[in-house]
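Reader: I would like a close look at a single part of this model, set out carefully and with its surroundings kept in view. Please take one helix and then move outward from there.

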Amino acid sequence: MSLDPDVAGRDPLASLPAATADAVRSELRAGERVAYAALPVTAIDAGTWSGMGVQSLVVIAIVALSVSLLGSIALFFAGEFGVFDLVSGVFTPTCLLGMLACFIWYLRHARRRAAAGAYVVTDQRLILLETWPSQVARSVEARDIIEVYCWMISPRFGNIRLDGKATLDQIEMRWYVPNPRACEAALRALRDAPPRGIDPAT
């Protein structure tokens with residue numbers, strides 16, 4: 001796979017939101033070219049079984065706890081529940097609903113953080129960029145990549161892991177990336193490319 005823009009001449013950064021693309025450009029070195037760029041997604045958005053299972057359980061739990069809460073209040077006004085029964089019948093579902101609300105907030109936070117990030121493969125390195133809450137970029141140089149692994153999670157999304165040198169022992173992308181085979185191919189091309197400044201024919 002070439003490390004140039006795709007055959008149609010399109011800029012790989014065109015798939016990113018304008019602000020994210022500008023953030024990526026601000027991290028590029030002089031002459032550095034982008035081969036792959038994508039927004040990561042969470043497990044739920046990637047359509048993993050675990051993500052969909054969690055989503056289904058949250059919905060079921062909210063419905064069940066809401067029915068329990070409303071039922072306790074209805075029985076109290078019907079005279080079949082005392083004050084203690086009402087407190088115990090309302091307190092537990094309310095606490096559990098509060099915990100679910102915190103979990104939903106966490107999922108929204110994770111989704112926002114993923115949407116503000118980017119996985120970028122250039123002709124020199126892999127860049128893992130986060131732009132929220134602040135801009136942070138981590139990079140893996142081509143010389144540090146030993147092996148690339150790709151797990152297809154769904155037809156459109158997958159997870160990438162690298163085996164690398166020194167402290168880069170097992171670098172795993174925390175989110176899932178679209179078109180992971182293209183990401184894998186770009187990383188393998190990066191790994192196999194001759195060191196910069198060295199003629200591959202020599």
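Author: What follows takes helix 5 as its subject and then turns to a strand that helps to cover it and to a patch on the surface. The model is a predicted one, and local features are described only where pLDDT is at least 70. Helix 5 runs over residues 180-192, and its 13 residues reach 18 Å from the first C-alpha to the last, which is close to the 18 Å expected at 1.5 Å a residue. Its buried residues are Pro180, Ala182, Cys183, Glu184, Ala186, Leu187, Ala189 and Leu190. In an α-helix there are 3.6 residues a turn, so residues three or four places apart point the same way. The cover over the buried residues of helix 5 includes strand 1 (34-38), strand 2 (117-122), strand 3, strand 5 (145-152), strand 6 (157-164) and strand 8 (177-178).

Of these strands, strand 3 spans residues 125-130 and contains Glu130. Glu130 counts as buried because its relative accessible area is 15%, under the 20% limit. The side chain of Glu130 also makes a polar contact, at 3.0 Å, with the side chain of Arg113.

On the surface, Ile62, Phe103, Ile104, Trp105 and Tyr106 form a nonpolar patch, with about 490 Å² of accessible area together. Helix 4, residues 83-115, supplies the largest share of this patch, namely four residues. Ile104 lies in helix 4 and, with a relative accessible area of 31%, is partly exposed.

Key:
Residues are numbered from 1 along each chain as its sequence is written. This is a predicted model: local features need pLDDT of at least 70, side-chain atom pairs count only at pLDDT 80 or more; totals for chains, interfaces and linings use all residues. Side-chain values use heavy atoms; hydrogens and water are left out. Helices (H or I, at least four residues) and strands (E, at least two) are DSSP runs, numbered from the N terminus. Buried means under 20% relative accessible area, exposed over 50%, partly exposed in between (1.4 Å probe, protein chains only). A polar contact is a pair of N or O atoms within 3.5 Å; within protein, one must be able to donate a hydrogen and the other to accept it, and residues adjacent in sequence count only if both atoms are side-chain atoms. Patches are made of residues with over 30% relative accessible area and no salt bridge: like charges are joined within 9 Å, nonpolar side chains (Val, Leu, Ile, Met, Phe, Trp, Tyr) within 5 Å. Accessible areas come from the Shrake-Rupley method with a 1.4 Å probe; for residues, only the protein chains shown count as cover. A salt bridge is a side-chain nitrogen of Lys or Arg within 4 Å of a carboxyl oxygen of Asp or Glu. The expected span of a helix is 1.5 Å times one less than its number of residues. Contact means heavy atoms within 4.5 Å.
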